[in-house]
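Good morning, and thank you for the time. I would ask everyone to look at the sequence and the model together, and I shall then take the main features in turn.

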Amino acid sequence: MASQLRLRSALALVTGAGSGIGRAVSARLAREGATVAACDVDGTAAQETVRLLDGSRSEEGAPGGNHAAFQADVSEARATRRLLEKVQASFSRPPSVVVSCAGITRDEFLLHMSEDDWDQVIDVNLKGIFLVTQAAAQALVSSGCHGSIINISSIVGKVGNIGQINYAASKAGVIGLTQTAARELGRHGIRCNSVLPGFIATPMTEKMPQKVKDKVIGMIPMGHWGNPEDVADVVAFLASEDSGYITGASVEVTGGLFM
Ligand SMILES: NC(=O)c1ccc[n+]([C@@H]2O[C@H](COP(=O)([O-])OP(=O)(O)OC[C@H]3O[C@@H](n4cnc5c(N)ncnc54)[C@H](O)[C@@H]3O)[C@@H](O)[C@H]2O)c1
């Protein structure tokens, strides 16, 4: 997609920014002129993302601010509050674009799923998005700023998936959470949308057995897996004023899978 500068004055907080979709989103938003606060539980990975953004800026002469890396575990309320405080203190304003990409899988069949695997996935994928959305919304509302919050769910949240009862529940929860936030925050000029990727080639899906990967391709009308950049393109649109009258939407990025 052609480079545009739709996010010239935006400060974007991206969680899960150290890998896969979060890293691609960070790169895309930066290319559109946003300053990126890249957060990950893996602080070194977040720093590496910022290094890549800074490198591509000097190579391409792209504008943009002083991107910064932050380490935080989004499943912990105190850490998430501190993250928003630190971002606000670093840039003297709250982030106007917030993209929650942090997520994990702990796959197992329902008959064998442990309580711990259930709790971990719900804590990061659902509670983490609640905590980030709440802290970001509180910061925006109290400073009277408008914003766009984008939460990464999954097509699995809509249709379920064998071996992912915890993950599917967390991602379905993200859709409901985002729609509710959209209803509550519209009057404050804050839009909230979720993105539902299908199968995207990232470190998360790398560990899937090759047999399953091959089977998945046969189910995708477009005949191939998605790239993190396919998701980032949609996130950039939802972050920008080009989607100014869209809120509460769940946008599928699946190559037609399960349509
Ligand atoms: N890859 C896919 O096919 C796919 C499909 C649908 C949805 N998704 C969702 O997209 C998002 C990104 O996935 P990905 O494929 O890029 O995975 P990934 O594993 O490449 O990246 C996830 C990132 O989240 C970080 N993270 C994990 N727990 C965290 C925590 N508690 N606090 C902060 N950061 C944390 C990890 O360190 C990692 O950098 C996830 O929410 C995932 O569920 C991915």
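A residue is called buried here if 20 or more other C-beta atoms lie within 10 Å of its own, exposed if 12 or fewer, and partly exposed in between. Please bear in mind that this is a predicted model.

Let me apply that cut-off to Ile155. Ile155 has 22 other C-beta atoms within 10 Å, and therefore Ile155 is buried. Its place is in the loop between β5, residues 147-152, and α5, residues 156-159. Which residues does Ile155 touch, if those up to four places away in sequence are not counted? They are Leu196, Pro197, Gly198, Glu252, Thr254, Leu257 and Phe258. For one of these, Gly198, I can give the separation: Ile155 and Gly198 are 43 residues apart in sequence, and their C-alpha atoms are 5.5 Å apart in space.

Another residue in that list deserves a word, namely Phe258. Phe258 lies in the segment after β7, residues 250-253. Phe258 is partly exposed, because 16 other C-beta atoms are found within 10 Å. Its phi is positive, about 60°, although Phe258 is not a glycine.

A positive phi in a residue other than glycine is also found at Ser92, where the value is near 60°. Ser92 belongs to the loop between α3, residues 77-91, and β4, residues 97-100. Is Ser92 buried or exposed? Ser92 has 7 C-beta neighbours inside 10 Å, so Ser92 counts as exposed.

I turn now to the ligand. There are 29 residues around the ligand, and those that come nearest are Gly16, Ser19, Gly20, Gly103 and Thr202. Two or more residues of this shell are given by each of α1, residues 20-31, α4, residues 115-143, and α7, residues 203-206. By character, the shell holds 14 nonpolar residues, 12 polar ones and three charged ones.

Two of those helices merit closer attention, beginning with α1. This helix has 12 residues, and from its first C-alpha to its last it reaches 17 Å, close to the 16 Å expected at 1.5 Å a residue. How many residues of α1 are buried? The count is 12 of 12, and α1 is accordingly described as mostly covered. Among the buried residues are Gly20, Arg23, Arg28 and Arg31. Just after α1 comes Gly33, with a positive phi of about 105°.

The second helix is α4, with 29 residues. It spans 40 Å from first C-alpha to last, close to the 42 Å expected at 1.5 Å a residue. Where does α4 bend? The bend is at Asp123, and it amounts to about 40°. Just after α4, Gly144 takes a positive phi, here of about 70°.

Helix α4 also leads us to the interior. The largest nonpolar core has 71 residues, and within it Ala12 and Val235 touch the most other members. The largest share of this core comes from α4, which gives 11 residues. As for Ala12, residues up to four places away being left out, its contacts include Leu29, Val36, Pro95, Val97 and Ala239.

Next, I would draw attention to a contact between two helices. Ala139 is in helix α4, while Leu84 is in helix α3. Beyond its sequence neighbours within four places, Leu84 is in contact with Ala135, Ala136 and Ala139. Ala139, under the same exclusion, is in contact with Leu84, Gln88 and Pro94. Leu84 counts as buried because it has 26 C-beta neighbours inside 10 Å. Ala139 has 21 other C-beta atoms within 10 Å, so Ala139 is buried. To place Ala139 relative to α1, the C-alpha atoms of Ala139 and Gly20 are 27 Å apart, with their positions 119 residues apart in sequence.

Finally, let us consider His224. His224 sits in the loop between α8, residues 210-219, and α9, residues 228-239. Why does His224 count as exposed? His224 is exposed because it has 10 other C-beta atoms within 10 Å. Leaving aside neighbours within four places in sequence, His224 is in contact with Ile217 and Gly255. The C-alpha atoms of His224 and Asp119 are separated by 32 Å, and the two residues are 105 residues apart along the chain.

That concludes my presentation, and I welcome your questions.

Terms used:
Residues are numbered from 1 along each chain as its sequence is written. This is a predicted model: local features need pLDDT of at least 70, side-chain atom pairs count only at pLDDT 80 or more; totals for chains, interfaces and linings use all residues. A residue is near a molecule or strand if its C-beta atom, placed from the backbone, lies within 6 Å of it. Helices (H or I, at least four residues) and strands (E, at least two) are DSSP runs, numbered from the N terminus. Ala, Val, Leu, Ile, Met, Phe, Trp, Tyr, Cys and Pro count as nonpolar, Asp, Glu, Lys and Arg as charged, and the others, Gly among them, as polar. The expected span of a helix is 1.5 Å times one less than its number of residues. The bend at a residue is the angle between axes fitted to the seven residues ending there and the seven starting there. A nonpolar core is a set of buried Ala, Val, Leu, Ile, Met, Phe, Trp, Tyr and Cys residues joined through C-beta atoms within 7 Å. Two residues are in contact if their C-beta atoms, placed from the backbone, lie within 7 Å.
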